[in-house]
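Hi,

Here is the structure I promised to pass on to you. Have a look at it first, and then read on for my notes on what turned up in it.

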Protein chains: 2
Amino acid sequence: MITSFTEENYLKSIYHLSPDEGTAVNTNAIAESLNTKAASVTDMLKKLADKEFINYIKYQGVTLTPLGRERALNIIRKHRLWEVFLVEKLNFKWDEVHDLAEELEHIHSDLLINRLDEFLEFPKTDPHGDPIPDKHGKFNVPELIPISKLKNETSGIISGVREHSPLFLKYLEKTGLVLGQEIKIKEQIEFDGSFIISIKENDIMISREVAKNLLIAI
Amino acid sequence: MITSFTEENYLKSIYHLSPDEGTAVNTNAIAESLNTKAASVTDMLKKLADKEFINYIKYQGVTLTPLGRERALNIIRKHRLWEVFLVEKLNFKWDEVHDLAEELEHIHSDLLINRLDEFLEFPKTDPHGDPIPDKHGKFNVPELIPISKLKNETSGIISGVREHSPLFLKYLEKTGLVLGQEIKIKEQIEFDGSFIISIKENDIMISREVAKNLLIAI
DNA sequence: TTATATTTTTAGATTAATCTAAAAATAATT
DNA sequence: AATTATTTTTAGATTAATCTAAAAATATAA
Ligand SMILES: [Mn+2]
Ligand SMILES: [Mn+2]
Ligand SMILES: [Mn+2]
Ligand SMILES: [Mn+2]
């Protein structure tokens, strides 16, 4: 079954908005994430249901079928592999690759993407720490915890982000909070929930907002 | 000015169908090359003329404006650089890359394509021997002659093809008639216009059809 | 549990790209 | 020069994706 550029963005969006397999995603949530209107979403949901990519019950939201999930993961695989290519081979920064990958993920060729995977030596994660599904759609979700949930004196390695906006990524870069960097929690300020952490012998302060969006492997 | 996938294919087609800058391209020729109907072409020509990519006079065919030519060359540059990438880095064969490049050429990012150009070390020609315009749209047209126009005992290097179909390219590959290979014309058979040429100490026969589509640098 | 607020769907339009069939213009032949 | 053939354009529809405004369903609160 062929899928259009637009249908693929919907499938990916539904996947990302699904907290877990069973629970349904709302029309409005999809509309917001794709910058469209709810009416447009309803139209598309009917179409995706016809094509058996989603289970759709009027007014009850949607879940992906196994077929839809497979397709969503295939697009996510492509997105993340292209991001690795852009950063590793073409010297893009991690805050510059998202929009380009958003286009490249729609190139239709499994052979191309499998060759790219091989060329990149089968990376397990993308430049933002997100896992890359293999050609069968399999991947393991690393157990990452936001800094905001860590106790004082805990150490860990920065391994992912919850927020992918260029502004946030650029800030992290500037502050040295890059993937692979070891950090240690020193203190949480009760007043505003900000944290003092140590990084490379220095103590720095990060806001609660940042702490919630920076993920650590312990 | 933004251009859609479709508009870009039209511009490229008009460019390829233009024998030289001045002479106009017919509606029917465009329709045939894009596998659409003449009526659809007329609609699109009006649109491209509005956007000032082409000079269009009803019933008189079209020529590209400088702006249209620039855009067409930009797309051709992308097409050919992606082809080089696919062959050089991802181990595709020269007969496998066209359709993929046909999609990839529409990724909108000059930064991406300039970085790719650099990554590939600024190739001058694509896997089929066609010249790659630089970032300013400049390129030099190599002087290539089809085998069918060569005299006996002439030697030369295979440097391009006039026909890009996978069938033809696969045949050339199998026969050893690849880019860079030196050949020598031995004899032309008057009866059917076929040629006997020598390649790596062996004499082989190629049809007139093949001879017309294989380009040589002397 | 009735009234109010929110969410979702339908109705009806719009825009881009395409098509078929018919009309108009141009080119080729008697 | 008149007729015929070919090419090109217009007229009118269709399909995908989108929108606004209004109606319907569901959720929340008095
Ligand atoms: Mn996308
Ligand atoms: Mn990513
Ligand atoms: Mn194309
Ligand atoms: Mn080529």
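A word on terms before the details: a residue is near a molecule or strand if one of its heavy atoms lies within 4 Å of it. Please also keep in mind that this is a predicted model.

**DNA strand D**

With that cut-off, 22 residues are found around DNA strand D, and those that come nearest are S4(A), S40(A), K47(A), Y56(B) and K58(B). Which part of the strand faces the protein? Of the strand D atoms within 4 Å of the protein, sugar or phosphate make up 78%, and bases make up the rest.

Three polar contacts to phosphate oxygens of DNA strand D may be handy when you check the geometry. The side chain of Y56(B) places an N or O atom 2.4 Å from one such oxygen. For N28(B), a backbone N or O atom lies 2.9 Å from a phosphate oxygen of the strand. On chain A, a polar backbone atom of K37(A) is 3.1 Å from a phosphate oxygen.

As for secondary structure, at least two residues of the surface near DNA strand D come from each of α1 and α3 of chain A and α2 (27–34) and α3 of chain B. The largest share is that of α3(A), with five residues. Sorted by class, this surface has eight nonpolar, nine polar and five charged residues.

**DNA strand C**

Around DNA strand C there are 21 residues, and the closest are Y56(A), K58(A), S4(B), S40(B) and K47(B). Here, too, sugar and phosphate account for 78% of the strand C atoms that come within 4 Å of the protein.

Again, some contacts to phosphate oxygens of DNA strand C. S40(B) has a polar side-chain atom 2.5 Å from one. The side chain of T42(A) brings an N or O atom to 2.8 Å, while Y59(A) uses a polar backbone atom, at 3.0 Å. The elements that give two or more residues to the surface near DNA strand C are α2 (27–34) and α3 (38–50) of chain A, along with α1 (5–17) and α3 (38–50) of chain B. Of these, α3(B) provides the largest share, five residues. The class count for the surface near DNA strand C is eight nonpolar, eight polar and five charged residues.

**Two manganese sites**

Which residues hold the manganese ion listed as ligand 1? Its coordinating atoms come from N9(A) (OD1), E102(A) (both O and OE), E105(A) (OE) and H106(A) (NE2), at 2.0 to 2.5 Å. Along the sequence, these donor residues follow the spacing N-x92-E-x2-E-H. N9(A) sits in helix α1 (residues 5–17) of chain A and E105(A) in the loop between α5 (98–104) and α6 (110–119), so this pair ties together parts that are 96 residues apart in sequence. Both N9(A) and E105(A) are buried.

The manganese ion listed as ligand 4 belongs with chain B, where E83(B) (OE), D126(B) (OD) and H128(B) (ND1) coordinate it at 2.1 to 2.3 Å. The spacing of its donors is E-x42-D-x1-H. E83(B), in helix α4 (residues 66–88), and H128(B), in the loop between α6 (110–119) and β3 (145–146), link parts of chain B that are 45 residues apart. Are these two buried or exposed? E83(B) is buried, and H128(B) is buried as well.

Best wishes

Terms used
Residues are numbered from 1 along each chain as its sequence is written. Chains are lettered from A and ligands numbered from 1 in the order in which they are written. This is a predicted model: local features need pLDDT of at least 70, side-chain atom pairs count only at pLDDT 80 or more; totals for chains, interfaces and linings use all residues. Side-chain values use heavy atoms; hydrogens and water are left out. Donors are N, O and S atoms within 2.8 Å of the metal (3.2 Å for Na, K and Ca); water is not among the atoms, so sites may look incomplete. Helices (H or I, at least four residues) and strands (E, at least two) are DSSP runs, numbered from the N terminus. Buried means under 20% relative accessible area, exposed over 50%, partly exposed in between (1.4 Å probe, protein chains only). A polar contact is a pair of N or O atoms within 3.5 Å; within protein, one must be able to donate a hydrogen and the other to accept it, and residues adjacent in sequence count only if both atoms are side-chain atoms. Ala, Val, Leu, Ile, Met, Phe, Trp, Tyr, Cys and Pro count as nonpolar, Asp, Glu, Lys and Arg as charged, and the others, Gly among them, as polar.
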